[in-house]
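Colleague: I would like to go through this model with you, pocket by pocket and strand by strand. Could you take my questions as they come?

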Amino acid sequence: MSRVTLSRYLIEQTRCHNTPADLRFLIEVVARACKAISHAVSKGALDDVLGSMGTENVQGEVQKKLDVMSNEILLEANEWGGHLAGMASEEMDKAYQIPGRYPKGAYLLVFDPLDGSSNIDVNVSVGTIFSVLRCPDRNGATGDLGEEAFLQPGTEQVAAGYAIYGPQTMLLLTMGNGVKGFTLDRELGSFVLTHDDIKVPETTQEFAVNMSNQRHWEAPVQRYVSELLAGESGPLEKNYNMRWIASMVADVHRILTRGGLFMYPRDDRDPSMPGKLRLMYEANPMSFIIEQAGGAATNGTQRILDIQPTSLHQRVPVFLGSKEEVERVTAYHQE
Ligand code: AHM
Ligand code: MG
């Protein structure tokens with residue numbers, strides 16, 4: 001049987017699901033940029049791409065050289081094609097304007113160019129997370145695109161995905177009808193469909209959380225995690241295993257492969273930060289993918305995809321993965 005590349009898959013989507021040609025082009029361009037990022041990441045010390053830039057991003061985090069390179073690769077690949085009205089990124093304070101010399105399109109692209117970048121120097125999997133929204137009608141306005149155009153709930157996403165740069169480079173994609181996984185064939189230079197219908201098992205005995213923050217969590221999370229740790233002799237009557245890669249793409253990828261629960265709860269370290277992860281380019285795209293794979297995602301009290309964003313770099317608590325456990329920890333918040 002001939003292999004289904006990402007391009008062929010997208011053309012079939014146009015034929016069967018009326019996926020617009022410009023959305024297809026957008027995904028192709030993002031995938032091409034991810035190939036370039038994968039190549040840069042794989043060079044490591046050979047190309048002197050490891051280490052920090054000596055600068056901080058808008059959120060006060062140290063920028064790695066590869067954070068900045070990946071951001072530039074995505075901007076350059078996507079700015080000229082005429083499919084976008086604007087872009088936003090973890091690495092940029094404000095919305096990125098499509099330069100005036102290029103045509104503008106119907107979509108907005110939001111991304112975390114290199115998530116988990118604190119893991120790069122130790123050669124652990126990192127990834128690119130992206131979300132595609134429609135640009136709201138601007139009523140003929142031609143000036144700069146403001147942040148408010150991006151502030152749409154996750155239910156408005158038309159596509160979302162991530163690339164994981166691990167032992168294999170893979171692209172996981174949803175356009176609202178299930179989740180497909182493509183593996184990069186380096187000889188062909190193409191992403192090939194290898195995982196046709198990804199599903200998160202409904203039940204699990206594995207959880208992922210940074211336990212070193214335990215003393216800062218709120219009561220419902222304290223209770224839930226203590227029950228997980230109590231194992232067979234506790235109220236949940238089963239033993240749980242724990243994994244924490246500290247690279248969201250890698251932790252979510254494991255959950256999409258064999259189930260599990262991922263948590264980055266709210267904590268009391270900094271009252272201005274209700275959680276660590278960012279709604280627009282981490283929580284929303286991952287929640288869309290997880291829901292499309294049959295899992296669930298909440299912030300403890302509400303479905304993540306229903307949250308009305310108030311700012312581009314807003315942070316949220318995240319509980320996502322196998323339905324039974326997401327529902328349990330969410331119910332504890334409601335009691
Ligand atoms: P980043 O976007 O600055 O890389 O931060 C996000 C990452 C996630 O990939 C991961 O789940 C989390 O931060 C790990 O946080 P911690 O180092 O607190 O365990
Ligand atoms: Mg990130």
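Modeller: Gladly, and one definition will help us first: two strands pair if DSSP finds at least two bridges between them. Please keep in mind that this is a predicted model.

Colleague: With that in hand, in which sense do strand E11 and E12 pair, parallel or antiparallel?

Modeller: Strand E11 covers residues 206-208 and has two bridges to E12. Pairing calls for at least two bridges. Across this pair, Glu-206 stands opposite Asn-241 in E12. The sense in which E11 and E12 pair is parallel.

Colleague: Which strands are at the edges of that open sheet?

Modeller: The sheet is open and has five strands with mixed pairing, in the order E12-E11-E13-E17-E15. An edge strand pairs on one side only. Here the edge strands are E12 (241-242) and E15 (296-298).

Colleague: Let's turn to the metal. Which residues are the protein donors of the magnesium ion (ligand 2)?

Modeller: The donors follow the spacing E-x21-D-x2-D-x166-E along the chain, and they lie 1.8 to 2.7 Å from the magnesium ion. Their OE and OD atoms belong to Glu-90, Asp-112, Asp-115 and Glu-282.

Colleague: How many residues apart are Glu-90 and Asp-112?

Modeller: Glu-90 is in the loop between strand E3 (84-89) and strand E4 (96-97), whereas Asp-112 is in strand E5. Both Glu-90 and Asp-112 are buried. The pair links distant parts of the chain, with a separation of 22 residues.

Colleague: Now the pockets. Which strand gives the most to the lining of the largest pocket?

Modeller: The largest pocket has a volume of about 440 Å³, and both domain 1 (6-195) and domain 2 (206-334) supply at least three residues each to its lining. At least two lining residues come from each of E2 (62-64), E5 (107-115), E13 (261-264) and E14 (277-278). With three residues, the strand that gives the most is E2.

Colleague: What about side-chain chemistry: how many charged residues are in the lining of the largest pocket?

Modeller: The lining has 24 residues, and Gly-116, Ser-117, Ser-118, Lys-276 and Arg-278 lie nearest the centre of the pocket. By class, eight lining residues are nonpolar and seven are polar, while the charged ones number nine.

Colleague: And which helix supplies the largest share of the lining of the second largest pocket?

Modeller: This pocket has a volume of about 290 Å³. Of its 15 lining residues, Val-41, Ser-42, Asn-123, Val-124 and Tyr-165 are the closest to its centre. By class, the lining has seven nonpolar, seven polar and one charged residues. The largest share, three residues, comes from helix H2.

Colleague: Asn-123 turns up there, so where in the chain is Asn-123 found, and is it buried or exposed?

Modeller: Asn-123 is found in the loop between E5 and strand E6 (126-134). Its phi is near 60°, a positive value in a residue other than glycine. Exposed means over 50% relative accessible area; Asn-123, at 74%, is exposed.

Colleague: Finally, how many of the 11 residues of helix H5 are buried?

Modeller: Buried means under 20% relative accessible area, and the buried residues of H5 include Met-248, His-253 and Leu-256. Helix H5 (residues 248-258) is therefore largely enclosed by the rest of the structure. The number of buried residues in H5 is nine.

Technical notes:
Residues are numbered from 1 along each chain as its sequence is written. Chains are lettered from A and ligands numbered from 1 in the order in which they are written. This is a predicted model: local features need pLDDT of at least 70, side-chain atom pairs count only at pLDDT 80 or more; totals for chains, interfaces and linings use all residues. Side-chain values use heavy atoms; hydrogens and water are left out. On a 1 Å grid over the protein atoms alone, a cavity is a set of points where a 1.4 Å probe fits but cannot get out, and a pocket is an open set with protein on both sides within 12 Å along at least five of seven lines; lining residues have an atom within 4 Å of a point. Grid points are joined across faces, edges and corners, and a volume is the space filled by probe spheres set on the points. Helices (H or I, at least four residues) and strands (E, at least two) are DSSP runs, numbered from the N terminus. Ala, Val, Leu, Ile, Met, Phe, Trp, Tyr, Cys and Pro count as nonpolar, Asp, Glu, Lys and Arg as charged, and the others, Gly among them, as polar. Domain bounds come from an automatic or database domain assignment. Donors are N, O and S atoms within 2.8 Å of the metal (3.2 Å for Na, K and Ca); water is not among the atoms, so sites may look incomplete. Buried means under 20% relative accessible area, exposed over 50%, partly exposed in between (1.4 Å probe, protein chains only).
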